[in-house]
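Biologist: I like to know what stands behind each label before I trust it. Shall we go through a few of them together?

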Amino acid sequence: MPKTCYHCGSPSQTWVKHDDKDFCCEGCVMVYDILKSNDMGTYYDINNAPGIRKKSTTSEYYDYLDQDEIKASVLDFHDGDTCRIKLYIPSIHCSSCIWLIENLQHLHKGVITSTVNFNKREASITYNEAQIKLSELMNLLSSINYKPHIKTEEQKKSSKKSRQLLVKLGIAGFVFGNVMLLSFPEYLSDDVALNPELIEAFKWISWLLALPVMLYSGNDYFITAWKNLKRKIISIDLPIVLGIIAIFLRSTYEIATSSGPGYLDSLTGLIFFLLIGKWYQAKTYEALSFDNDYSSYFPLGITRIKNNEEEIIPINQLESGDLISVRNGEIIPADASLESIGASIDYSFITGESVPVRKQKGDTIYAGGRVIGSALLLKVEKKVETGYLAELWKERTDKKSSESMLSLTLNMVSKYFTIAILIISSLTALYWLWFDSSKALLAFTSVLIIACPCALALSVPFAFGHASRILGKNHFYLKLSSIIEGLTKTDQVVFDKTGTLTDPDTFKVSYEGEELDHFNRSIIKSLAHQSRHPLSRALYQHLSDADEFEVLDFKELEGAGVEAMIMNHNIKIGSASYIGIESKIKQESARVYVSIDDKAIGHFVITNYYRPEWKEMLRVVQKKAVVHLLSGDNDAEREILEREIANADNLHFYQSPKDKQAYVQKLKDNNKFVTMVGDGMNDVGALKEAHVGIAVADDVYQFSPSSDAIISAKELIKLPVFINFAKSALRIVYLAIGISFLYNVVGLYFAVTGQLNPLFAAILMPLSSASVVVFTSLSVMWSAKKRRLL
């Protein structure tokens with residue numbers, strides 16, 4: 001039986017023995033020691049192996065959070081030394097996590113209280129600033145493998161908007177229920193003797209309760225209809241608003257003249273069901289950010305050097321000519337010239353190229369590059385908002401509409417629907433004025449009330465909203481539910497390679513050259529461990545079964561290689577030129593050459609690791625659509641990919657961000673419907689240009705380039721299933737629309753002929769809405785279960 005880590009429960013090929021317990025890595029040992037030294041071993045008693053495996057040992061820098069301006073922007077409360085902050089912590093996953101975070105005061109006396117909202121993965125922490133700084137609190141959480149995510153102002157605004165929707169929904173639901181209760185005496189008055197004055201009082205109470213529902217809960221429909229009218233557009237919101245107004249005016253007339261009970265239960269019920277549809281759409285992605293600004297990937301603050309002194313300032317205060325210090329692992333926020341002797345820059349965030357680029361003093365380094373190795377001194381050339389990364393982000397077209405074709409169709413239908421209803425109601429009024437004037441007002445308002453397209457309006461948000469929620473449960477999050485329709489029309493799927501089909505944190509390593517014994521493997525591993533270069537880290541992981549020796553006289557030439565004295569041997573690993581040989585192989589694939597005592601003995605070939613079942617996923621997608629593959633990397637893996645892509649002409653390497661965007665545009669110019677699947681900043685232009693842009697993320701809550709949808713990397717294999725489910729949801733929408741039209745035809749017949757009595761209207765209105773809700777919800781759930789999504 002394989003061993004598992006005592007802390008995180010992960011199986012592993014390498015083990016660290018500590019306290020007679022097995023650990024998979026030094027990170028887990030560190031967390032175990034922290035908990036043990038603070039008498040918090042109970043953490044391991046709540047669940048078996050409850051910890052989260054630490055994927056990276058990169059140090060986090062949070063000292064910029066101690067700058068007053070930045071601190072004020074992220075704190076929820078600050079009075080004297082008492083501060084409160086709300087953090088999103090995605091690694092919270094079990095009762096042990098909750099227990100540990102809610103007992104932070106045992107790890108540091110500066111923490112006053114800490115509470116966890118498990119459903120939202122949020123922790124609200126109150127602390128004493130005199131005893132623990134905000135940066136120290138962040139480092140404390142990171143040290144125990146609960147890396148915090150600090151909410152930006154935009155995310156806070158989004159959260160407030162979501163809460164406002166819930167308040168509107170709550171008010172509408174509360175009033176709807178109470179108005180229904182207050183309406184029962186009127187419905188039962190023919191069979192039960194009730195005090196007429198009491199019934200009259202109930203009517204006016206219902207009228208007063210309905211006012212906040214119409215004026216507050218339903219105000220978005222009035223605002224949208226008015227804005228569209230000013231633009232000379234008749235959207236589906238207009239007939240809804242006309243129906244709401246007609247119901248309210250008719251109800252007010254009947255209550256004031258004591259001629260009937262009104263339709264206030266139908267009015268409040270209609271708005272309640274419409275808001276539930278909105279809530280469905282908002283629920284699945286309320287914690288996600290689909291439109292992150294480019295600066296959201298930078299630290300909130302940066303170290304500026306002025307008069308030979310360091311100061312931390314917000315990045316938006318950077319000016320051309322400023323000297324800044326950027327440390328290992330941090331992203332460069334502005335275009336700058338290199339003042340240090342040399343540097344190694346990882347541009348994968350922008351270009352997708354996984355191999356770092358070597359830069360010399362005086363070279364221009366573009367914003368978005370990540371520092372590899374020691375801290376760099378840079379001179380800012382352009383302000384953050386005018387640099388290369390900002391321009392790349394802003395490169396978008398205005399062609400994208402937030403509305404789907406179905407929504408546009410419904411709006412077009414509603415335009416003629418509204419005109420038709422106004423004509424029908426007017427003709428009905430004229431007819432009854434001629435034959436029986438006592439029925440004219442009744443028939444006129446009855447047509448407006450019963451023809452309100454509430455069931456039509458509910459069919460799309462409920463079917464698509466429910467489908468979006470199910471997709472969200474499967475870690476496929478849609479920015480707008482209308483994206484579902486876009487998925488059904490896709491005939492071209494464009495995949496990025498690096499980070500999308502491949503795992504950016506995992507590599508395949510093979511060796512070519514003289515045979516390596518255990519000793520040689522150990523000294524190579526020892527040297528690789530000293531470097532933070534991605535290829536060195538890949539090599540270190542590959543040699544996990546080897547030992548480690550003491551390293552002396554370590555030297556590193558950024559982007560070229562490293563060397564040191566280990567066990568009286570001079571070891572070098574790096575590029576061919578660095579170890580002093582000429583490689584006849586084009587340096588396109590990642591190769592790490594090795595020399596021992598100035599003798600070249602071979603090289604390691606490091607290739608990308610493709611995600612599990614990626615071939616099967618591509619095979620299924622290609623049954624329904626044409627697949628294209630674009631990569632910023634070199635073509636070293638062309639042969640592998642040509643075996644999986646049906647048309648080799650659709651395989652392209654050395655693609656810049658602009659190249660990818662232009663490629664998608666070319667497909668669209670040929671009347672193709674394009675879905676783009678990518679993972680990073682290098683794909684942002686193509687994601688925006690495509691009809692549907694899907695961002696692939698290993699952590700959906702902490703990284704997402706501007707996109708229409710976000711899919712968890714581990715669920716990418718299900719993309720064909722998600723597309724089929726979307727097609728099923730669209731068919732359900734069409735059926736629901738058919739049902740809503742049937743209700744309107746039946747209702748209009750009774751309204752036009754003057755046979756629509758108040759009781760019948762009061763029942764038919766909510767019944768049509770409720771039946772559409774029930775039909776779409778049950779149908780979508782059945783379709784999801786059929787595809788094992790529930």
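Modeller: Happy to, and please keep in mind that this is a predicted model. Let's start with the open sheet of seven strands, which has the order E17-E29-E28-E27-E18-E25-E26 and mixed pairing.

Biologist: What makes E17 and E26 the edges of that sheet?

Modeller: Each of them has a single partner strand, so one side of E17 and one side of strand E26 (651–652) have no neighbour in the sheet.

Biologist: How do you know that strand E17 pairs with E29?

Modeller: Pairing takes at least two bridges. Strand E17 (residues 476–478) is joined to E29 by three, and the two run antiparallel, so the criterion of at least two bridges is met. Within this pair, Phe 476 lies opposite Ile 711 of E29.

Biologist: And why is the pairing called mixed?

Modeller: Alongside that antiparallel pair, strand E28 (residues 692–697) pairs with E29 in the parallel sense over four bridges, with Ile 694 opposite Ala 709 of E29. Another parallel pair is strand E18 (residues 492–496) with strand E25 (residues 626–630), joined by five bridges; there, Gln 492 has Val 626 as its bridge partner.

Biologist: What makes you say that both faces of strand E29 are covered?

Modeller: In a regular strand, side chains alternate between the two faces of the sheet. For E29 (residues 709–712), Ala 709 and Ile 711 are on one side, Ile 710 and Ser 712 on the other, and all are buried. Buried means under 20% relative accessible area, so each of these residues falls under that limit.

Biologist: How do you know which residues Phe 476 touches?

Modeller: A contact needs heavy atoms within 4.5 Å. Leaving out residues up to four places away in sequence, Phe 476 touches Leu 471, Leu 487, Ile 694, Ala 709, Ile 710, Ile 711 and Phe 722.

Biologist: Why is the set that includes Phe 476 called a nonpolar core?

Modeller: The name requires buried residues of listed types, Phe, Leu, Val and Ile among them, joined through side-chain atoms within 4.5 Å. The largest such set has 47 residues, and those with the most contacts inside it include Phe 476, Phe 495, Ile 694 and Phe 725. Helix H22 (residues 719–752) gives the largest share, 10 residues. A second, separate core of 43 residues includes Phe 23, Cys 24, Val 31 and Val 74.

Biologist: And how much of the whole protein is buried?

Modeller: Of its 790 residues, 52% are buried.

Methods: Residues are numbered from 1 along each chain as its sequence is written. This is a predicted model: local features need pLDDT of at least 70, side-chain atom pairs count only at pLDDT 80 or more; totals for chains, interfaces and linings use all residues. Side-chain values use heavy atoms; hydrogens and water are left out. Buried means under 20% relative accessible area, exposed over 50%, partly exposed in between (1.4 Å probe, protein chains only).
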